[in-house]
Structure formats: C-alpha cells, structure tokens
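This report goes through selected local features of one structure, from a single loop residue to a helix and a pocket. The sequence and coordinates come first.

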Amino acid sequence: MLVLVAPGQGAQTPGFLTPWLDLPGAADRIAAWSDAIELDLAHYGTRADADEIRDTAVAQPLLVAAGLLSAAALDASPSVVAGHSVGEITAAALAGVIEDEAALRFVRTRGLGMAEAAAVTETGMAALLGGDPDVTIPHLEKLGLTAANVNGGGQIVAAGTAAQIAALEADKPEGVRRVVALKVAGAFHTHHMAPAVEKLRAAVGDLTVSDPTVRYVSNADGHTVATGTEVIARLVGQVANPVRWDLCMETFRSLGVTALVELSPGGTLTGLAKRALPGVKTLALKTPDDLDTARALISEHAGA
C-alpha cells in the first residue's frame, strides 16, 4: 500500500525547481499557474535566493506547485495521500477534492493571509531536540507556547511570541538538549494566525469541491476524511491549529502502508518516516532523476 506525502514550509531551497522545468509540459504548467495567482513561480523556484523564498507568501504557493508538478511526472495511483501543513493543499488536489489551479489560488490566499497575520505581533517558532512529548508539551503550555508541530520521533516545534521563545531557551523542558529558533515569519498553527483563518473562510465560497477519490489523512487528528467539504473545513482551520504529523504516521501504520514517497522538494517527511515507521520503504523526490526509482518502488507497493 502506497502513501504519497507532500512536505511543508521550510522544505524549499534555492533553485530546487530548475530540473523539474525540463520535463515535457512542466514550464507551460508553471507559467499558467503563475498567471493565475500573479506570482512568478519559475523565478522563485529557479533564480531567487534563500531570503526571497523564505517569504511565507512565496514559499507556500511554490511548494504546492512543486508537489503537483512532481506528482504529475510520477503519475502514480496511491492508496493514501497526506501533506504536512501547507502540503495538505497539495494532498487535497491529489485526492481530487479541488483542481490544481484552485489549489494554487487557495494557497496564495493562505500565504498572503499568514504573512499579514505574522506581521501583527513579533512571533516565532523553535524546534526542540530530544525530550519526551509527555513532559515537553505541558512545559510549553506553562510558558504560554503552543506545540505547533508534533512530528513524531520526539520532534516538536514550539510557537509563540518572541518573549515566550526566549523564555523557552532559558528554561528548557527536562530531557530537551537544545532549543533551535527557526527562520520563519511567525507563530504558524497557533491562535496568532486567526486573521488568516478568516481570509481563507471567505475564499472557500469560490471553490468547486468534490469528495476524495483516495484516502485523505488529516493533520488535525490523523483521521481519514471522507467528504470534500470536511477536507476544506479542516484546511481552513489547520492554519491556527497544531499539525499532528505523528498521528498521521500512526494512521499510515494502521492502514498497512508499506511504501511512502515524498513529493518534491522531498526529504523532511521521509526522514521522519524512517524513524517512526520501521519496515516501510521510503523515497524522497528531490529531482527528476529520482522518478525511475520511485516508479520501481511504486510498482511493488501500489494498488492495495
């Protein structure tokens, strides 16, 4: 049983889209999406530097475009799809809930809304290395922080105000070796993103929505979601709520997933799966050179 997964913000690196644009039809598809959302995806994916693509309003559409482009090149038929944070929009398109261009329009609204929300208060995020979630999460709550990403394998990302992050650095939870501040614009997946939720809620009325054609696993609780309207409602709400990737991986295990392929720019979710899902074959799509290996893996595991 195959699961296709799409990475979230932070996976992008300068120039990562360049080799994908050499595939037949890829440049035309990126150009059409760029026109639809008034953002030059080809520029940001090939020539922009790290600071330019760190911008939330740029990074999010770029990641969804890359995920959809690599999925089209792979042409797989997964049994399960899921995405981490903004990757959930990619997954929704792969599941047939929304069309590709609609996904790009939706994520453009999301990125702009989250960037605006992040500018209201000085907030941030920090990764905690080591520790036990049962100890770490209550400690974060005591400091007023949110466990914004619970990624499995003991990996937790905290989010809150700059002062709260500083307090965390001075008062680490028991068992945590290091607190590493992340280079992000704000406290994503917390109440600080509430204004972005309202913008997305207003944008939902323009979407044509269908029920998923394959199992869609949600970040909210790791549950599979059967209706398109529920998928969209969760996409709106997840902007201000924690990502429970640990629960998504538990669902993969319970469904009997035997192989996981991470769409471009792959690597992050594959690393988590290697630690949390022993025995599951994994592959990250970094460049088109990985496609043949991915197809060979899929031929062994798809179709359940």
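In this predicted model, Pro 265 is in contact with Pro 7, Ala 11, Gln 12, Phe 16, Leu 63, Ala 66 and Leu 285, leaving aside neighbours within four places in sequence. Pro 265 lies in the loop between strand E10 (259-262) and helix H12 (268-276). Its relative accessible area is 7%, under the 20% cut-off, so Pro 265 counts as buried. Arg 54 is 211 residues away from Pro 265 in sequence, and the two C-alpha atoms are 14 Å apart.

The backbone at Pro 265 is also of note: the peptide bond from Ser 264 to Pro 265 is cis, with omega near -5°. Most peptide bonds are trans, and most residues other than glycine have a negative phi. Three residues with a positive phi are listed below.

| Residue | Phi | Place |
|---|---|---|
| Glu 38 | about 55° | just after helix H1 |
| Ser 85 | near 55° | loop between strand E2 (80-83) and helix H5 (87-94) |
| His 189 | about 60° | loop between strand E6 and helix H9 (194-203) |

Ser 85 is buried at 11% relative accessibility, and His 189 is buried with a relative accessible area of 2%.

Helix H1 covers residues 26-37. At 1.5 Å a residue, its 12 residues should span 16 Å, and the end C-alpha atoms are 17 Å apart, which agrees. Which residues of H1 are buried? They are Ala 26, Ile 30, Trp 33, Ser 34, Ala 36 and Ile 37. These residues cover an arc of only 160° around the axis, which puts them on the same side of H1. An α-helix has 3.6 residues a turn, so residues three or four places apart point the same way. The buried residues of H1 pack against helix H2 (41-46), helix H4 (56-74) and helix H6 (100-118). On the face turned away from the buried side, H1 carries the exposed residues Asp 28 and Asp 35.

The largest pocket holds about 680 Å³ of space. It is lined by 33 residues, of which Gln 9, Gly 10, Ala 11, Leu 182 and Val 184 are the closest to its centre. Ala 11 is also one of the contacts of Pro 265. The lining divides into 16 nonpolar, 14 polar and 3 charged residues. At least two lining residues each come from helix H3 (50-54), H4, H6, strand E4 (146-152), strand E5 (155-161), strand E6 (176-181) and H12.

How values were computed: Residues numbered from 1 in each chain as written. Predicted model: local features only at pLDDT ≥ 70, side-chain atom pairs only at ≥ 80, totals over all residues. Heavy atoms only, no water. Helix = DSSP H or I, 4+ residues; strand = E, 2+ residues; numbered from the N terminus. Expected span 1.5 Å × (residues − 1). Buried < 20%, exposed > 50% of the residue type's maximum accessible area, 1.4 Å probe, protein only. Arc of directions from axis to C-beta. Contact = heavy atoms within 4.5 Å. 1 Å grid on protein atoms, 1.4 Å probe; cavity = no way out; pocket = protein on both sides within 12 Å on 5 of 7 lines; lining within 4 Å. Points joined across faces, edges and corners; volume = space filled by probe spheres on them. Nonpolar A, V, L, I, M, F, W, Y, C, P; charged D, E, K, R; others polar.
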